[in-house]
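Work through the exercises below with the sequence and the coordinates side by side. Each task is followed by a solution that proceeds in steps.

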Amino acid sequence: MSKGGTHARQSWPLAVLGIFALSGFLFVAASVSSDGSDLRPAGGDVASLLRERSQRIDDRRDDARSLREAIDGLSASVSSGPLDEIRARVAKLEPATGLTAVSGPGMRVTLTDSPKGLSFPGVDPNQLVVHQQDIQAFVNALWAGGAEAISLQGQRLISTSGITCVGNTVVLDGVPYAPPYVIEAIGDQGAMRAAIDSSFATATYADYVDAYQLGLKIEPVAEVKVKAYANPIALQHAKALS
């Protein structure tokens, strides 16, 4: 009996040690999975979660830009007649394609949903949030006003950029963003403001601003900075038109 009792006393510390080892493994696994950050961001709401995820993706895009610049630097160190000619042609096309960062005077347009908790009898709640077509209306007006470069939520827009709606969030190039939606454009401030004021689509949004307290702020900015486009630029889908 005494032998059996001694064995039981020895197995207890081993069990405790096993539990501590398992707990440690779980903590390490959680740390690695969260990449050193909180798995459940402060705030707990969808908007906070979207902002946190969007920031992570933006950081990765900045890394991609740095790597692209490093590659360009290495490529520039190689010189030959035909290669230098091709490189010069590419350099002339880069500003138009959005692959270089630009800055200059411009405009900033900020769109926001109606205040939380606001409701109107008989009005569809979807009328109280900013949609893709609202953002596209102002982007199109800015292009029409001669904008040289435009960004949405700090991300460069190019000819292949896709803005879509998913629920009450807007998705740009596969990344969801929560309001407020900030559009910045570089160009002639007077011409861009005139294009906004003369657009039927932006005027329609302004009517909803008055009726349902949607947010709209249009302001000139002395210096707008638009980063270079960081996503792949190759077309994934194309269809020949006869």
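Axes are lines fitted to C-alpha atoms, for helices over the stretch in contact, and angles run from 0 to 180 degrees between N-to-C directions. The model is a predicted one, in which local features need pLDDT of at least 70 and side-chain atom pairs count only at pLDDT 80 or more, whereas totals for chains, interfaces and linings use all residues. Residues are numbered from 1 along each chain as its sequence is written, and side-chain values use heavy atoms, with hydrogens and water left out.

**Exercise 1. The pair of helices**

Determine how the axes of H4 and H5 are placed relative to each other, and which residues make the contact.

Step 1. Helices (H or I, at least four residues) and strands (E, at least two) are DSSP runs, numbered from the N terminus. H4 covers residues 132-144 and H5 covers residues 189-197.

Step 2. The two axes come within 8 Å and cross at roughly 135 degrees. H4 is therefore oblique to H5, given that angles under 35 degrees count as roughly parallel, over 145 as roughly antiparallel, 65 to 115 as roughly perpendicular and the rest as oblique.

Step 3. Contact means heavy atoms within 4.5 Å. On the H4 side the contact is made by Phe138, Ala141, Leu142 and Ala144, and on the H5 side by Met192, Ala195 and Ile196.

Step 4. These residues divide into seven nonpolar, no polar and no charged, where Ala, Val, Leu, Ile, Met, Phe, Trp, Tyr, Cys and Pro count as nonpolar, Asp, Glu, Lys and Arg as charged, and the others, Gly among them, as polar.

**Exercise 2. Helix H4 and alanine 141**

Establish the span of H4 and its buried residues, then describe the surroundings of alanine 141.

Step 1. H4 has 13 residues and reaches 18 Å from its first C-alpha to its last, close to the expected 18 Å, the expected span being 1.5 Å times one less than the number of residues.

Step 2. Buried means under 20% relative accessible area, exposed over 50%, and partly exposed in between (1.4 Å probe, protein chains only). In H4 the buried residues are Asp134, Ile135, Ala137, Phe138, Val139, Ala141 and Leu142.

Step 3. Alanine 141 has a relative accessible area of 5% and is therefore buried. Leaving aside residues up to four places away in sequence, alanine 141 touches Ala195, Ile196, Ser199 and Thr202.

Step 4. Alanine 141 and alanine 195 lie 54 residues apart along the chain, yet their C-alpha atoms are separated by 5.4 Å.

Step 5. After the helix comes glycine 146, whose phi is positive, near 90 degrees.

**Exercise 3. Backbone geometry in the loops**

Find where proline 180, glutamine 153 and glutamine 213 are placed, and state whether each glutamine is buried or partly exposed.

Step 1. Proline 180 is in the loop between strand S6 (175-177) and strand S7 (181-186), and the peptide bond leading to it from proline 179 is cis, with omega near 5 degrees.

Step 2. Glutamine 153 is in the loop between strand S2 (149-152) and strand S3 (155-156); its phi is positive, near 55 degrees, although the residue is not a glycine. At 18% relative accessibility, glutamine 153 counts as buried.

Step 3. Glutamine 213 is in the loop between helix H6 (200-212) and strand S8 (215-226), with a positive phi of about 60 degrees. At 45% relative accessibility, glutamine 213 counts as partly exposed.
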